[in-house]
Each structure stands twice: as structure tokens, then as C-alpha cells.
Amino acid sequence: MTTARRDGGAARLASPARWWLVAAVLAPLLVLGVSAWRAWEGAWKGAEAEVARTADAAAEYARRLLEAQVLRLERANDLLAGLDDATIRAREAEFSAALNDLAAERGPASEAGFYLFLFDRNAAPLVAGNLLPVPEPNPVLAQRDFNQALRGPDAPWVHVSQIYTGQATRRPYFAVTARRARTGNGLPPEAYDGIVNASVYLEQVNPSLAALAAPGDVVTLMRTDGTLLARSEGFPVAPDGARLNPGSPLRATMAEGTERAVLRATPRFDGAERLMALRRVGGDWPVYAASGRQRATIVAAWRAAVLPQAILAGSSALLLALLALAVQRRQRALVAANAALERRVEERTQDLRDRERLLRMAQQAASAASWSWEPASGRVRWSEEMYGLLGWNPALDGEIGDLESFLPQVHPEDREKLRLAAAAAIGEGSMSLTFRVFRRLPAGQREVVWLLCRARLYPAEGNEPAILVGIDIDITQQRRTEERFEVASAAMSGFVYEWDFTTGRVDRTSGVAALLGVAVPPDIEAWNARIHPEDLGRMLATMRQLEQDRAQEDYALEYRVRRADGGWAWLWDRGRVTRDDAGGLVRLMGGAVDVTARLLAEERQVLLLREVDHRAKNALAVVKAALRLTPRDEPEAFATAVEGRIDALARAQDLLSETSWAGTELCKVLEGALAPFNDGTGGPRVVLEGPALVLAASAIQPLAMAVHELATNATKYGALSWATGALHVAWQVRDGAMLLEWVETGGPPAEAPARHGFGSRVVNTTVRSQLGGDTVWHWPAEGLRLEILLPVARVLAADAGAVAGA
């Protein structure tokens, strides 16, 4: 009977074993198929990554190349600033050499890599860095796009032309073009007055692109409208005006303004299908870089990768077929091994029980709890420790049998996060998150507990459903400590950091983002890049001193770092290092506090003291001048005159103080100066008329003194001496000058004096020496008419509109 049972068992094992052997023989071929498919996908993905990297490198090269040309254009404009066309033509040889130096080319024109070329507003050549003399005006040159694109009022700040062949050099090039600026031709600043061209030869650019390309790949630069600029393999035909076909997907993608794209296209030059990567050139340039690889190249790489696998799979299948015979001979041994295995399973089961008990004890010690969730049925199983974390008694309160029953115990702000994380774990195979739950306390109270949850999905096998198994750890105390630490860091307007010298990683608290307005990568290089250049050397010297002096543990220094808005923040950085047994740096713990406000306040205080000193000296100088210019023949008249002039200066000083010496409206200055002479009780009438203008601070006191002298003379001898008299003061701005007219009427008949009196001398001296202007005196019978002409740049505030509206 025993033998029969064994034979029957062997027969039962033989049938399924036969199929397993067949499957084993076929497995390498199946693996080959799967591997070939993955290799196919990997070949395309790898090719996409490589052409994308090449396109990125080409875009960066193009950006630097174009920005270098813009710099040459700006330096050319600086060189020729303020010169008219005639001067440039007269000094053509001098400027040609200067432009050649700007282009950094010393060879003959036939070998130049870049050159600069100026055209006037009629598209006639002015001067070139590589041609002397320049060619005569040419209608072909005049119609080229770089001579037309920047003429309109809405022209771009810079233009990149299509490819042309130089008429003198006979070499293909494209041009980077900007308007001429600050010319001396007398045109308004916004008017078109010609261009400056920086020409880039393809024989220089194409090899540079070829150096970036992988073997067999093609790298191309093109404008967003499909016009080609350069190509690593050159052009099979004349490149002038070369562009993509209107229906090209590359052209459509660029027209949409896409920053990056990977697509398949068939260029018209060779008709070969290529995998293309597009990358827009940064800096608002209307240029794209493209890198392409032929489909045949990708397929060849895939075949080369799969061939060794095919050989290995065939060899493996043959070897497995031979091994199948040997497996048959071991079937009987398998029966005996099975019995031994059952004994071992029993032993392992007991070991598993022991390990389970140890795990439970470890969970209790670590405030951790385990759980499992079956997504198909929604059933949840909790360990006793999990109920303990929630303060839940399953015997009295019932069990929590599914996820929806558990969600009411989760903080409302974290419920959706937990639900989404559990759903994502089904697809990703794992889950890790922190969330809050409510732990029940005696007397119906509850408290918030932070849990760290980590779980892994075990897929379904046979009749066993898929199950997500996880562990929750109570991290409430850790979170409270972190929150207190973050609050303390925020309160001190700074941040705390830890620098691990072994890994080079620098961890900073969130205060650094609040301080700088941007997150900083966790490495020292990114931080050093933000330090002010004037402070970086001092910072590095401090670090070197810290490294060399092994007895030093603390350091402190102040330096500036760049904020996201481009401004600078002053930091007081202080820290302490930890060293190993040999004295080497292991870790640095420190904190940085924003002291910008304190330093700026100190600077403002110093500037304010200097300004007060300067203003006091100016005021004393003006008073001294007023005393010196006043006649001393009659003491009473001297005192009255001095008092009136000092009062005029005081009123002007009041107006300056109201605006913190930022300037004052002209109308207010005149009103203040004429107020003592116009009592408003039916006497002389004063009319002020003119646009809203703001006087510069330096012009207020001199103008107030001149108006005071005019009003004094009008009160003694002019229109303001009669009750029927009137004064009309008007002003306007024209041709870069401010005209102020003083007109008296209704007073005694006026006549020109035989000589200038004291008052007129004061007015003339004040206007001419202190304000840089001039006076014209008219003496018609109806009354004095005075014209005071003052330069706008000297007497009006630079930001008049802002001050006037304040």
C-alpha cells in the first residue's frame, strides 16, 4: 500500500511537472520578447533624452552666442554715441578699426567669425569692422530684413535675420540687429536712425553645433517662423532664406510658443524620419534649437542591444531542454523533500509566532501600531496598539471595520489627503504620509495626535486578495518640537541651518524662504552664489580659518545675500562646528538673523546728519549774502530790508521742510513770497497763472529772494504802491526753458531808470549767478514788464509730477 501511494503521488506530480518543464523551456523566449519590447521602448526613450539634452545644450550655446552679439551691439552704440553720420564717414578708418577690435577679430575679412556693420536710416552703409571702405549704397542690402524689421514704432528690441550670403565676403551669415542709439543726427530718441549689425558666419556656428551633436545627429538653429539660421551638417543647397515647409510640425509647435517639445518629423533636406527635440532659446529670443536623430539610427541601436539577448535566450532554452530530462529523474526525490519541507514549515511557523510576539512588544515600546486594508472589500484590520493610539476600546465601542468608519477619527483637514494617498498606493505600491487623528480622553475630551504612516501594497496572488499593510507611529512630540522651533526661527526674522561636511548637504528651516522670497537648494554652492561678491571672499576666508584652526569652534560675521526681488539682505550669521577625533570638520550648526533694517537705519542716520550740516551751511551763506547786498545808509531802512529778506528766506525754508527738500510747486513759492504784499482787503490784486511745475530744492530760495525784491520795488515805486494797481505773474515751459513774466499795471507811469537800482541788481545777480538764467526789463508807460528765462534742467525737479501730486 505504501508503495502504491508513493507511485500514485509520483504520477500526480508528473503531470503538472511536465507542463512546468515546457513552460521553463519557453520562458527564455518569452523573456526575450518582453525584453525586446522594453529595449524598444528604452531605445526611443533614451534617444528622446539624448536629443533633448543636445537641444538644451544647443539652446544654451545659442543664447550665449546671441547675447554676446547684443553686447557687441551695445558697445558699438557706446563707441559712436553722440556722433552724426557725416562724422562717422569722415573717420571711417578709425571707427572700422575700433569695430574690428570690438568683434575680437584680428584676421582678414575673409576669415572673420563675427563683424559689426553700421547702416544709416536710409539703409546706406556707414562703417564696418571688416571692410574698408564700406560698399556704396545697394538696393539689395537696403531690402534685406535687418534693414526693414526695426523701422516701425512697435519694432522688437532686437532682430535676428535670415541667412544671407555676404556680397563682399561671399560667405553665408545671419545677423543680430539693434537700432542705433544716442546718435548725433538731431533726431528724437525714439526715432529710427539706422541699425547696428552683428553678423555671425555659419562656418563658425555650424562646427560648434556639430560638436554638441552625437554621431549621426543633426542640430539646427531656427527662428520661430521656420527660418533656418544654422545647421550642424551644413546645407545641401544655398542656405539663403532656407526655412521649414509650411506644414512642418516643428513650425506649428514653435508658433504655439512651446518651451520644450519632442516629436517626429521628416525634414525636407534628406527626407529621413527623425526624432526631434525642440528647445526655445532663453532670454525672449525668437529662436529655437532643434536636435534630430534618424529613426534608422535608433532601430540599429535597438537591434544591437537585443542581439546578445536573443543569443542568450536561445542558448538558455536549449540548456533548459537538456535540464528537463534531469528534472524528471528528481521527481521521486521531491516526494521525500516535501516531507522534510513540512517539518521545516512547522518549525518556521513556531519561529514566526515568536517573532510576532517580539514585534508587538517593539511596537508598544515605540508607540507604533500596525494595520491592513483590502482595497477590493474595503475591510480594515487594526492591531491592539492602533486602538490604543485612538483611545478606542473595541470591546465597548465596537470595531472600526472599514476606511470610511475610520475617517471620522481623522482631522477634517487631513481626511481628503488620507483618502487620496490610499487610492494612490494601489497604483504606486506604497504610501508614506503624515496626518492627524483625534485621540479620545476621559470625560469625553479628545486631543490631536500626529501619525507617521508608511505602507506597502502586496498584490493579489491566487485566491488571496491584494492587501495594503502599514504601520502608524505617534510623532506628536516631534511635530510639536518642530513647530516650536519654526515659530522661534520666524520670530527672530531669520533661519537655522545644519551643514553636513561629509555629504555637503545644507538643511535650512523654512525661514530662509520667507527671508529671501525663494527656496534655496540644500547645498553650499547655491548659497555662495547668492552672497554679494564683495562679501564672498570674506565668507570663504572665515571658512578656511575655521578649517585650519582646529581649536576654533565658534564663528560670527555679517554679509549680504541676494533676495528674489534683486535686493540685498544683510545677515548676522553665527554658528558652532563639530569636529572628529582628528580635528576635521564634521558638522556646522548655525543661525542667520536679518539685520538689514538696523544697518539701513544706521546709514540713514549718517546721511541725515550730513544733510543737516549741508543745509545749515547753505542757509547761513544765503543770510550772509542778503546782509552783504543790503544798503546800510539808513539804519531803519537797513533793518526793514534785512528783515524782509530773511522772512522771504524763512518762508522758502518752510516750503522746503514740508516736502523734505524734495522740491515745491512754483505756485506755492510765488504765493508765499507775495503774501506780505497782498493783504486781500481791496488793495492791489495779484494774479498767478501757469501750469503746475515743481521747483528743485536748490532753486526755491534764490527765486523767492528775487520775487521778494521785485515785490518790494513794486510796493515802493510800482503798481502795488497804488490801490488801483495790479500784478500779473505768468509762467510757461518751452524749448527746454521756463519763462516767468512779471507784469505790473494800474500803477504810476513807468519809465526806464537812468541806471540800475539796488533792487534790479539783486534780481539780476540772483537770476544769473544762482539760477543760471537771464532777465529782460521792459518799461512801457502802463507799468514794468520783466521776463525771467531759466533753464529747466537747473530749476525744475527731476520727478516734478510725483512731487506735485504728493
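This is a short walk through the structure above, from the whole chain down to a few single residues.

Hi everyone, and thanks for coming. One thing before we start: what we have here is a predicted model.

Let me begin with the overall picture. The protein chain has 806 residues, and 40% of them are buried. DSSP gives 23 helices and 28 strands. If you take the contacts with a separation of 6 or more, 56% of them come from residues 24 or more positions apart. For those of you who like surfaces, the accessible area is about 44,000 Å², and carbon and sulfur atoms account for 56% of that.

Now for the inside. The largest nonpolar core contains 54 residues, and among those with the most contacts within it are Leu66, Phe174, Leu278 and Trp285. Helix 1, residues 2-79, is the top contributor to this core, with eight residues. There is also a second, separate core of 35 residues, which includes Val707, Ala711, Leu784 and Leu790. Back in the largest core, do have a look at Leu278. Leaving aside residues up to four places away in sequence, Leu278 touches a list of residues including Leu250, Met254, Leu263 and Tyr288. That list has charged company as well, with Glu259 and Arg260 among them.

Next, a set of strands that I enjoyed tracing. Strand 14, residues 430-440, runs antiparallel to strand 15, residues 446-458, and 11 bridges join them. Within that pair, Thr434 sits opposite Leu452. Five residues lie between the two strands in this hairpin, and one residue there to click on is Ala443, with a positive phi near 65°. Strand 15 also pairs with strand 16, again antiparallel, over eight bridges. Strand 16, residues 467-474, is in turn joined to strand 12, residues 368-373, by six bridges in the antiparallel sense. In that last pairing, Trp373 has Leu468 as its bridge partner.

Where does Cys453 find its bridge partner? In strand 16, at Asp472. Cys453 counts as buried because its relative accessible area is 2%, under the 20% cut-off. Cys667, by contrast, is partly exposed, because 26% falls between the 20% and 50% limits. As for disulfides, a search of the whole structure finds zero.

Let's move to helix 21, residues 758-770. How far apart should its ends be, and how far apart are they? With 13 residues at 1.5 Å each, the expected span is 18 Å, because the count uses one less than the number of residues. The end C-alpha atoms are 17 Å apart, which agrees. Its buried residues include Gly759, Val763 and Val767. In an α-helix, residues three or four places apart point the same way, because there are 3.6 residues a turn. Just after this helix comes Gly772, with a positive phi of about 70°.

Finally, some backbone details to check in your viewer. Most residues other than glycine have a negative phi, and most peptide bonds are trans. Ala123 has a positive phi near 70°, and this alanine lies in the loop between strand 1 and strand 2. Ala123 is also buried, at 2% relative accessibility. Arg182 has a positive phi too, about 55°, and is placed in the loop between strand 5 and strand 6. Last of all, Leu132 and Pro133 are joined by a cis peptide bond, with omega about 0°. Pro133 is in the loop between strand 2 and helix 4.

That's my tour, and I'm happy to take questions.

Notes. Residues numbered from 1 in each chain as written. Predicted model: local features only at pLDDT ≥ 70, side-chain atom pairs only at ≥ 80, totals over all residues. Heavy atoms only, no water. Pairing = 2+ DSSP bridges. Helix = DSSP H or I, 4+ residues; strand = E, 2+ residues; numbered from the N terminus. Buried < 20%, exposed > 50% of the residue type's maximum accessible area, 1.4 Å probe, protein only. Disulfide = S-S within 2.5 Å. Core = buried A, V, L, I, M, F, W, Y, C linked by side-chain atoms within 4.5 Å. Contact = heavy atoms within 4.5 Å. Areas by Shrake-Rupley, 256 points an atom, 1.4 Å probe, with all protein chains shown as cover.
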